[in-house]
Amino acid sequence: ADHSAYLCKWQEAGIVIVTKEQLLIINKGVKTMNKLNRITAGLACLVLSAGVIAQGVTDDEVVIGTSTALSGPAALWGVAASQAAQIRFDMANEKGGVHGRQIRVVLEDHQYQVPVHVKAMNKLLNLDKVFATFNVLGTPMNLATAETQFAKNVPLLFPMTTAQSVQEPEHDLKLTFGSSYYDQIRFAVGHFLAMGSTSACVMYQDTDYGAEVLDAVTDEVAEHSGVSLVSSVGHKPTDTEFVGAMVGFKGAGCDLIVFGTIIRDTITGYATARKLGITADVVVTQAGFDTMVAAFPGGITEGLYAVSVGEAVYCDSAPASAQAFCDAYKAKHGSDPGISGQLGYTAADLLVAGLENAGADLTVDSLMDGLEAISDHQDTFGRIGWSYGADDHTGTQVVVLSQVEGGKWVTLGQVTY
């Protein structure tokens with residue numbers, strides 16, 4: 001008979017694998033036990049856990065872990081995405097769960113700091129024993145712990161970053177969602193150069209995310225004659241003053257400014273540029289693309305451009321498919337969900353679809369197969385048809401260009417990479 005489902009439990013009882021065909025039953029306290037056999041048993045349990053025994057799964061529950069920013073400079077993203085995702089999970093749980101399992105989320109605040117995130121992930125993986133991680137926020141955070149969780153056979157699902165450095169190389173246990181920051185910025189820079197810009201400047205966070213934005217600008221500029229990257233300035237994610245950077249950009253005469261920023265530094269950086277009389281076009285990635293940015297009081301972000309995974313959707317004009325979510329979010333949190341909330345909900349919706357496809361016998365393998373089976377899954381907001389496969393773990397390659405007009409993001413066009 002196939003005893004594989006019991007191997008890890010047997011190991012605890014002192015049963016050790018000697019060969020593929022033979023099991024040797026011994027007591028833990030027997031001093032003559034071969035150390036190599038202990039190691040072999042441990043490795044066997046690790047391998048078997050992929051398809052047989054998965055942590056964080058019982059007959060009536062599946063445990064998902066999220067390490068995100070509930071405080072700090074990226075809190076708008078982390079809070080709204082987590083709140084929105086929970087609404088989708090609550091909807092599934094109220095219907096009896098997925099194949100009878102309730103979805104429980106363990107949420108940790110990493111404050112947008114890598115060391116805090118590493119500690120949070122250690123807790124999620126080793127104490128909470130989550131089945132998978134989900135919506136982990138931040139490029140440097142995901143890069144810091146991805147290999148650790150892969151070694152424990154814990155999937156990394158829909159991280160709240162579209163960094164190319166997180167998406168690539170693909171991994172059997174990793175699913176992301178959306179076009180990369182690199183592709184977004186190359187498209188944006190190419191667009192503005194075609195419109196007549198000739199000199200670019202870059203203000204970027206001094207992180208893996210910011211480095212990707214700078215690389216994208218550098219690579220796109222290199223492909224156009226008569227165009228140059230005239231200035232670039234890095235800053236810490238917690239910085240709040242950008243006068244020096246903008247004075248330098250004004251002196252350099254750049255007619256295109258690219259932001260590798262998130263929320264707070266996008267708003268402050270753009271407002272500073274306009275206050276100093278800089279008239280250059282300014283464009284930011286998905287990381288700075290939120291309804292709060294567009295609607296910031298005083299109209300100080302009017303005219304800002306952004307490149308993103310999808311369009312901005314507003315609840316007052318959202319499709320009927322999104323109204324239940326919009327109503328639930330507003331009733332619970334007192335406001336409409338921003339773009340960060342829409343992405344959090346979409347990620348949760350994709351995870352629910354993957355769990356449904358996985359079937360009642362939930363393992364890591366069946367979950368990943370179920371996620372890869374998602375095909376043309378229309379998101380609730382009527383923007384994107386998400387499709388995955390064994391050779392495609394990004395879901396979509398759409399890049400959308402938008403601009404702030406009258407306090408709202410207005411879609412100007414899109415391209416698919």
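Which strands does helix H8 (residues 208-222) lie across? The legends below start with an overview and then take up this helix.

**View 1. Overview of the predicted chain.** This is a predicted model, in which local features need pLDDT of at least 70, side-chain atom pairs count only at pLDDT 80 or more, and totals for chains, interfaces and linings use all residues. Residues are numbered from 1 along each chain as its sequence is written, and side-chain values use heavy atoms, with hydrogens and water left out. The chain has 14 helices and 16 strands, taken as DSSP runs numbered from the N terminus (helices H or I, at least four residues; strands E, at least two). Of its 417 residues, 54% are buried (under 20% relative accessible area with a 1.4 Å probe, protein chains only; exposed is over 50%, partly exposed in between). Among contacts (heavy atoms within 4.5 Å) between residues at least 6 apart in sequence, 68% join residues at least 24 apart.

**View 2. The seven-strand sheet and helix H8.** The strand order in this open sheet is E9-E8-E10-E11-E12-E15-E16, with mixed pairing; two strands pair if DSSP finds at least two bridges between them. E9 (228-235) and E16 (408-416) are the edge strands, each with a single partner, so one side of each has no neighbour in the sheet. From one strand to the next the twist averages 20°. Helix H8 lies across E8 (199-205), E9 and E10, at about 165° to E8. Angles run from 0 to 180 degrees between N-to-C directions, along axes fitted to C-alpha atoms, for helices over the stretch in contact.

**View 3. Strands E10 and E11.** E10 (residues 256-260) and E11 (residues 281-284) run parallel and are joined by four bridges. Phe259 has Val284 of E11 as its bridge partner. Leaving aside neighbours within four places in sequence, Ile257 is in contact with residues including Cys201, Phe249, Ile278 and Val283.

**View 4. The five-strand sheet and helix H13.** A second view of strands shows an open sheet in the order E4-E3-E5-E6-E7, with parallel pairing. At the edges stand E4 and E7 (174-175), each with a single partner strand, so one side of each is without a neighbour in the sheet. Two bridges join E3 to E5, and Ile64 stands opposite Ala132 in E5. The C-alpha atoms of Ala132 and Val364 are 8.5 Å apart, although 232 residues separate them along the chain. Val364 lies in helix H14 (residues 364-372) and is buried, at 2% relative accessibility. Helix H13 (residues 339-358) lies across E3, E4, E5 and E6 (156-157), at about 155° to E5.

**View 5. The two sides of helix H4.** Which residues of H4 are buried? They are His117, Ala120, Met121, Leu124 and Leu125. These cover an arc of only 125° around the axis, which puts them on the same side of H4; the arc is that of the directions from the helix axis to the C-beta atoms. They pack against E3 (61-68), E4 (102-109), E5 (132-134) and helix H5 (139-151). Pro115 and Lys119, on the other side of H4, are exposed.

**View 6. The nonpolar cores.** A nonpolar core is a set of buried Ala, Val, Leu, Ile, Met, Phe, Trp, Tyr and Cys residues joined through side-chain atoms within 4.5 Å. In the largest, of 102 residues, Phe158, Ile257 and Trp409 touch the most other members. H13 gives the most to this core, with ten residues. Another core, of ten residues, lies apart from it and includes Val313, Phe325, Tyr329 and Tyr345.
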